[in-house]
Amino acid sequence: MSPDQKPLPELRPPQRPRIRLPQGLRPQDVPVIQVDRHLLAVPDAAQSIAALRERFERQPVWTPEWVTESQWLDFAPGFTPIAAAVLIPIVAQPQPTVLLTRRSSRLNTHSGQVAFPGGRLDAGEDVVAAALREAQEEVALQPERVQVLGQLPSYLTGTGFEVTPVVGIVPPGLPLQANPHEVDEIFEVPLRFLLNPANHRHHVFQMDGMERRWLSMPYLEKEQEYFIWGVTASILRNFYWFMRAPYSKP
């Protein structure tokens with residue numbers, strides 16, 4: 001279930017407000033300031049299911065690039081982020097893909113945006129249990145069909161959620177079904193596209209002396225554009241660096 005479908009606990013507001021885009025301005029309308037064509041793509045051989053399993057088992061040495069939505073976030077003293085988790089389902093195709101959703105246009109927040117299945121932790125849950133439960137609720141992905149590989153570092157959103165990505169392998173051809181209250185569409189994006197920085201674009205929006213930065217990875221399929229940006233793109237960017245990082249020992 002998505003975070004906006006459950007009542008939020010009372011939060012202390014940030015001391016410095018989050019920069020919001022003006023009404024009618026879409027994130028894809030904000031100019032691109034850089035495309036990372038200078039960075040190397042993750043080799044195809046490193047993206048096989050066997051290579052993914054090995055990477056999570058051996059745990060490379062690396063530091064995430066994106067750990068918070070904005071450098072301007074400044075929550076009031078005593079603020080505690082809300083624990084949340086998302087599932088990064090890697091579909092075991094001959095060329096692996098990543099399963100993503102387009103959030104329902106009827107949701108109050110982030111409607112129509114591309115996202116991983118996920119949401120806040122229920123009482124007594126850990127991040128793995130929450131990610132699997134949310135995936136089952138949103139797209140009918142049964143937990144027993146997910147082979148959990150591990151986790152990526154958490155990411156703090158501007159709305160106060162500390163999101164932990166859980167990476168798992170799922171078989172292809174599962175009878176998934178979108179929960180119409182939360183998801184408008186389920187689709188897959190080639191992993192090789194997401195792990196190629198030539199598809200990573202940087203945006204900057206400035207207002208009132210502050211700026212907001214984000215990444216985007218627009219994916220076009222059959223004349224349909226899926227604009228991957230914000231939290232989802234930041235998590236995928238961290239996944240890219242995880243996949244590029246060296247091992248500490250041979």
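Analyst: Before we start, one term: two residues are in contact when they have heavy atoms within 4.5 Å of each other. This is a predicted model, where local features need pLDDT of at least 70, side-chain atom pairs count only at pLDDT 80 or more, and totals for chains, interfaces and linings use all residues. Residues are numbered from 1 along each chain as its sequence is written, and side-chain values use heavy atoms, with hydrogens and water left out.

User: Okay! How many helices and strands are there in the chain?

Analyst: We take them from DSSP runs, helices being H or I with at least four residues and strands E with at least two, numbered from the N terminus. Here that gives 4 helices and 15 strands.

User: And how much of the chain counts as buried?

Analyst: Buried is under 20% relative accessible area, exposed is over 50%, and partly exposed is in between (1.4 Å probe, protein chains only). Of the 250 residues, 48% are buried.

User: Let's try helix 1. Which of its residues are buried?

Analyst: A helix often has a pattern to look for: an α-helix has 3.6 residues a turn, so residues three or four places apart point the same way. In helix 1, the buried ones are Ile 49, Ala 51, Leu 52, Arg 55 and Phe 56. They sit on the same side of the helix because they span an arc of only 160° around its axis, counting the directions from the axis to the C-beta atoms. Ala 50 and Glu 57, on the other side, are exposed.

User: What does that buried side of helix 1 pack against?

Analyst: Its partners are strand 4, strand 8 (147-151), strand 10, helix 3 and helix 4. Just after helix 1 comes Gln 59, with a positive phi near 55°.

User: How many residues are in the largest nonpolar core?

Analyst: Such a core is a set of buried Ala, Val, Leu, Ile, Met, Phe, Trp, Tyr and Cys residues joined through side-chain atoms within 4.5 Å. The largest has 42 residues, and Leu 52, Ile 90, Ile 228 and Phe 239 have the most contacts inside it. Helix 4 (230-244) is one of the elements that supply at least two residues, and it gives the most, with 7. Apart from this core lies another, of 16 residues, including Val 91, Leu 132, Val 146 and Leu 174.

User: What about Arg 133: buried or exposed?

Analyst: Arg 133, in helix 2 (residues 127-139), counts as buried because its relative accessibility is 14%. A polar atom of its side chain lies 3.1 Å from the backbone oxygen of Arg 120.

Methods: Polar contact = N/O pair within 3.5 Å; in protein donor to acceptor, adjacent residues only side chain to side chain.
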